[in-house]
Amino acid sequence: MLQSRLFTKTKRESPKGEKSVNAILLQRAGFCYKEMAGVYTYLPLGLRVLRKIERIVREEMENVSGQEILMSVLQPKSLWLKTGRWKEGIGEVMYKCKGKEEIGLGPTHEEMLTDIVRNYIHSFEDLPVYIYQIQTKFRKEPRARSGLIRGREFEMKDLYSFHQSESDFKKYYKKVQKAYFKIFRRCGLKAILTEASGVGFTKGYTHEFQVLSAAGEDTIVYCPKGHFSQNKEVAKFQAGDNCPVCGEKLLQGKAIEVGNIFPLGVKYSQSIGAFFQDRDGKKKPIIMGCYGVGISRLMGAIVEVHHDGKGIIWPGSVSPFDVHLLSLQLSNKMSQREKLEKAAKKVYRILQKQNVDVLYDDRKNKSPGEKFADADLIGIPYRIVVSDRMLRKQSVEIKRRDKKIARFVKIKQLPAFLRKNLRLNKT
RNA sequence: CGGGAUAUGGUGUAAUGGUAGCAUACACCCUUCGGGUGGGUGCAGUCCCAGUUCGAAUCUGGGUAUCCCGACCA
């Protein structure tokens with residue numbers, strides 16, 4: 001991708017009033033455009049990141065036998081009346097449209113999917129089944145905040161599992177738990193499995209995946225060795241207490257909830273009427289589980305964790321590009337400029353041939369300082385510089401965004417270097 | 001939903017009752033060239049409605065929007 005053609009440019013100043021790091025950096029660098037409080041447009045750079053995160057999530061969902069569907073955003077009132085949630089609970093934050101009839105904008109999809117499942121699952125032999133989707137959700141949040149961390153419109157992956165027995169559900173629950181750790185690790189985040197309050201019908205155990213960050217809305221009490229963590233709202237322990245597992249002193253910190261998993265029991269199957277006939281001939285409500293990942297929130301969380309004073313530092317797995325190629329047009333001699341452009345294009349082609357996603361800063365009349373500043377702000381993991389100085393040595397300069405020092409690689413040896421080093425980032 | 005703050009060119013800011021200024025971005029000219037080079041020219045603005053006043057960006061009332069704290073966060 002040629003940066004001269006890239007839609008959107010970086011901004012020198014932080015958006016007015018904005019305090020949260022992810023909101024500032026994502027807007028300044030041109031990843032997101034704020035439409036309203038808690039409502040964002042994903043620009044070319046931002047969408048690439050979102051897609052990368054989606055890809056990771058999809059792969060891990062397929063690994064736990066999830067089948068992807070895409071449900072509608074518009075939801076019938078009748079279904080919500082069946083579960084009593086049109087007016088209460090999440091219904092309170094549902095956007096409702098009045099047309100011919102009242103319709104809800106999906107804040108979550110338990111009702112809808114349970115109703116669909118009701119139409120296809122009739123026997124124990126049809127179970128278990130695991131259905132997920134990646135979709136935009138709408139919630140009338142009383143207070144949208146912190147950029148992508150809490151939006152009124154946001155992207156979420158929601159997986160629902162359907163089982164014939166509690167024990168089968170529990171096995172799957174554990175499996176998804178593992179898959180979730182993998183998702184967050186692949187996104188460059190260290191998630192802490194945290195016990196949280198269940199809603200009435202969940203009788204106890206629900207789990208949140210929390211990422212430590214000052215931008216978080218939750219406070220967790222956790223074991224630094226990772227044995228234990230509880231959300232402050234339900235915590236029976238406090239900072240300074242001993243970890244019930246290893247005895248280590250517990251810590252307390254702010255955290256962003258990037259995912260959650262919880263049992264639904266038979267709440268929805270019962271009220272919506274999703275039953276199956278068991279091998280004993282009896283009709284039973286399907287046992288359900290629900291597993292969410294805030295995809296767009298994850299993007300915000302990654303920025304909160306991976307940045308410095310100059311900009312974002314994307315983990316390779318979710319970066320919009322693998323390499324940011326800069327050509328420094330320094331000489332005022334036309335012949336030299338042409339020579340440099342030719343060399344930069346050659347490097348660009350080498351990179352593309354190696355299947356490296358590259359953003360090529362081919363902009364003319366931009367000073368080196370400006371190109372460096374933009375590269376730091378955008379935060380692509382590798383920066384490759386082509387300049388007169390480099391050309392004299394038949395080399396390019398390669399610098400990692402998260403490292404201070406640069407190294408020099410002969411253009412001839414570039415393909416080998418790329419094969420050897422960049423693959424590391426493809427998780 | 002309670003509390004606080006803010007609203008001025010595309011973006012970021014100054015002007016506290018009397019000529020709306022600066023920076024940046026953008027366009028053009030010159031200059032410079034490995035960390036936002038310097039200079040010149042041009043383009044462009046007071047959130048909305050009402051009120052006070054000879055006169056309002058500025059004061060008053062109402063509205064709207066944004067940010068922050070809290071409540072809320074199946």
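**Exercise 1.** State how many helices and strands chain A has in this predicted model.

Solution. Chain A holds 11 helices. Its strands number 23.

**Exercise 2.** Describe the extent of chain A and how much of it counts as buried.

Solution. Start with the box: along the principal axes, the C-alpha atoms of chain A fill roughly 85 × 60 × 45 Å. Next comes burial, for which a residue needs 20 or more other C-beta atoms within 10 Å of its own. By that count, 42% of the 427 residues of chain A are buried. Then turn to contacts between residues at least 6 apart in sequence: 68% of these in chain A join residues at least 24 apart.

**Exercise 3.** Locate the domains of chain A and give the distance between their C-alpha centres.

Solution. The domain assignment places domain 1 at 21-308 and domain 2 at 323-425. The C-alpha centres of domain 1 and domain 2 are 40 Å apart.

**Exercise 4.** Work out which parts of chain A lie near RNA strand B, and what classes of residue are found there.

Solution. First, take the residues: 44 lie around RNA strand B, and those that come nearest are Lys-16, Ala-37, Leu-330, Gly-369 and Phe-372. Second, take the elements: β13 (251-265), β16 (287-294), α9 (368-378) and α10 (388-392) each provide at least two residues of the surface near the strand. Of the elements, α9 gives the most, with 8 residues. Third, sort this surface by class: 17 residues are nonpolar, 15 are charged and 12 are polar.

Technical notes. Residues are numbered from 1 along each chain as its sequence is written. Chains are lettered from A and ligands numbered from 1 in the order in which they are written. This is a predicted model: local features need pLDDT of at least 70, side-chain atom pairs count only at pLDDT 80 or more; totals for chains, interfaces and linings use all residues. Helices (H or I, at least four residues) and strands (E, at least two) are DSSP runs, numbered from the N terminus. A residue is buried if 20 or more other C-beta atoms lie within 10 Å of its own, exposed if 12 or fewer, and partly exposed in between; C-beta atoms are placed from the backbone. Two residues are in contact if their C-beta atoms, placed from the backbone, lie within 7 Å. A residue is near a molecule or strand if its C-beta atom, placed from the backbone, lies within 6 Å of it. Ala, Val, Leu, Ile, Met, Phe, Trp, Tyr, Cys and Pro count as nonpolar, Asp, Glu, Lys and Arg as charged, and the others, Gly among them, as polar. Domain bounds come from an automatic or database domain assignment.
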